[in-house]
Amino acid sequence: MDYKIRTLIAGWLYLGEKEPVHAWYIEGNGIKVLVDAGMPESKIVEKRWKTKAEGGGEDAIINELKKHGVMPSEIDIVILTHMHFDHAWNLDLFPNAQIIIQKEEVIHAIKPVPIQRSYYNKELNVKLISRNQPKNLLIIEGDYLLKDGLEIVFTPGHTPGSLSVIVNTEKGKVGLCSDLGPRYQNWFPADSEISNNPKRFLEGSYLPNTIHTENVMNYINTMEKFMKSVDIVIPAHDDRIPVHMPEQWWGKPSMSKDPLEVFALKEE
Ligand SMILES: [Zn+2]
């Protein structure tokens with residue numbers, strides 16, 4: 001069974017440099033799925049997290065879904081790749097959907113490693129665990145086959161309960177890896193087409209997210225295993241992500257390609 005994927009821009013964060021926050025809408029096989037629920041409104045981010053932001057909030061998700069002819073009330077399932085505030089915020093938009101999350105992530109959201117405390121939010125935790133199980137909240141352990149061609153895989157690394165999603169399309173398997181490798185340079189660290197500062201010594205390997213909870217050797221193994229199980233990998237915070245998949249299909253973006261050209265494709 002094949003699906004279509006649409007990239008949604010949930011907002012922008014200025015963490016060193018300006019970076020987009022993405023979510024994904026998946027449609028096919030009679031279901032409508034959202035991967036991640038976006039970030040808070042920029043005003044809230046700036047006030048609580050002291051980080052400059054743009055866009056965000058429920059409006060961003062509503063407007064982005066609208067571009068693809070969908071309303072939040074039509075979403076059947078929301079997969080939360082993890083509970084960081086920029087991925088799991090706008091749950092009120094989906095009172096009737098089933099949220100799917102990894103058990104380890106729920107535990108970590110309640111008692112995170114101290115270095116990650118600021119990425120979680122108590123009110124968000126309460127919202128999540130107050131939902132009816134399993135109708136509106138399905139807590140999974142390990143991998144989970146959601147539907148034929150739509151697989152949720154347990155990819156701890158960035159957080160202990162991080163999930164990725166593997167989606168069959170008519171061109172091949174798309175790996176929505178979220179923050180396991182938040183940018184293309186995490187997946188192609190030695191590639192001069194990907195970054196101005198290629199790390200040649202990482203040829204044939206991967207660069208874990210600097211924000212991580214897991215042992216780095218295990219983390220790299222998880223990235224390697226994930227990369228082998230998909231045809232293209234789609235990170236959460238790169239600004240060169242195709243909007244329409246499989247129609248737009250790049251295994252990795254090219255630095256030699258004019259970024260405006262990439263953005264033009266995004267506006268299609
Ligand atoms: Zn994160």
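## Exercises on a predicted zinc-binding model

Thr 159 is found in the loop between E9 and E10, strands that, like the helices, are DSSP runs numbered from the N terminus (helices H or I, at least four residues; strands E, at least two). The model is a predicted one, in which local features need pLDDT of at least 70 and side-chain atom pairs count only at pLDDT 80 or more, while totals for chains, interfaces and linings use all residues. Residues are numbered from 1 along each chain as its sequence is written, and side-chain values use heavy atoms, with hydrogens and water left out.

**Exercise 1.** Determine whether Thr 159 is buried or exposed, and list the residues that Thr 159 touches.

*Solution.* Begin with the accessibility: Thr 159 has a relative accessible area of 0% and is therefore buried, given that buried means under 20%, exposed over 50% and partly exposed in between, with a 1.4 Å probe and protein chains only. Then collect the contacts, defined by heavy atoms within 4.5 Å: leaving aside residues up to four places away in sequence, Thr 159 touches His 82, His 84, Glu 105, His 108, Gln 116, Tyr 120, Thr 213 and Glu 214.

**Exercise 2.** Identify the donors of the zinc ion and classify their arrangement.

*Solution.* First, find the donors, which are N, O and S atoms within 2.8 Å of the metal (3.2 Å for Na, K and Ca), bearing in mind that water is not among the atoms, so sites may look incomplete. His 82 (NE2), His 84 (ND1), His 158 (NE2) and Asp 179 (OD) coordinate the zinc ion at 2.2 to 2.3 Å. Second, examine the angles: the four donor atoms subtend 89 to 175° around the zinc ion, which makes the arrangement irregular. Four donors would count as tetrahedral if all angles lay between 85 and 135 degrees; four count as square planar and six as octahedral if opposite donors are over 155 degrees apart and all others between 65 and 115, and anything else is irregular. Third, write the sequence spacing of the donor residues, H-x1-H-x73-H-x20-D. The pair His 82 and Asp 179 links distant parts of the chain, 97 residues apart, with His 82 in the loop between strand E5 (77-79) and E6 and Asp 179 in the loop between strand E11 (172-178) and helix H5 (184-187). Both His 82 and Asp 179 are buried.

**Exercise 3.** Explain why the buried residues of H4 lie on the same side of H4, and describe the cap at the N-terminal end.

*Solution.* In H4 (residues 122-129), the buried residues are Leu 124, Asn 125 and Leu 128. They lie on the same side of H4 because they cover an arc of only 100° around the axis, the arc being that of the directions from the helix axis to the C-beta atoms. Their packing partners are strand E6 (98-102), helix H3 (103-110) and strand E7 (137-140). At the N-terminal end, Asn 121 caps H4 through a side-chain oxygen that lies 3.1 Å from the backbone nitrogen of Glu 123.

**Exercise 4.** Compare the positive phi values of Lys 50 and Ser 178 with respect to location and burial.

*Solution.* Lys 50, a residue other than glycine, has phi near 55° and is found in the loop between helix H1 (42-49) and strand E4 (53-54). At 69% relative accessibility, Lys 50 counts as exposed. Ser 178, likewise not a glycine, has a phi of about 55° but is found in strand E11, where, at 2% relative accessibility, Ser 178 counts as buried.

Technical notes:
A polar contact is a pair of N or O atoms within 3.5 Å; within protein, one must be able to donate a hydrogen and the other to accept it, and residues adjacent in sequence count only if both atoms are side-chain atoms.
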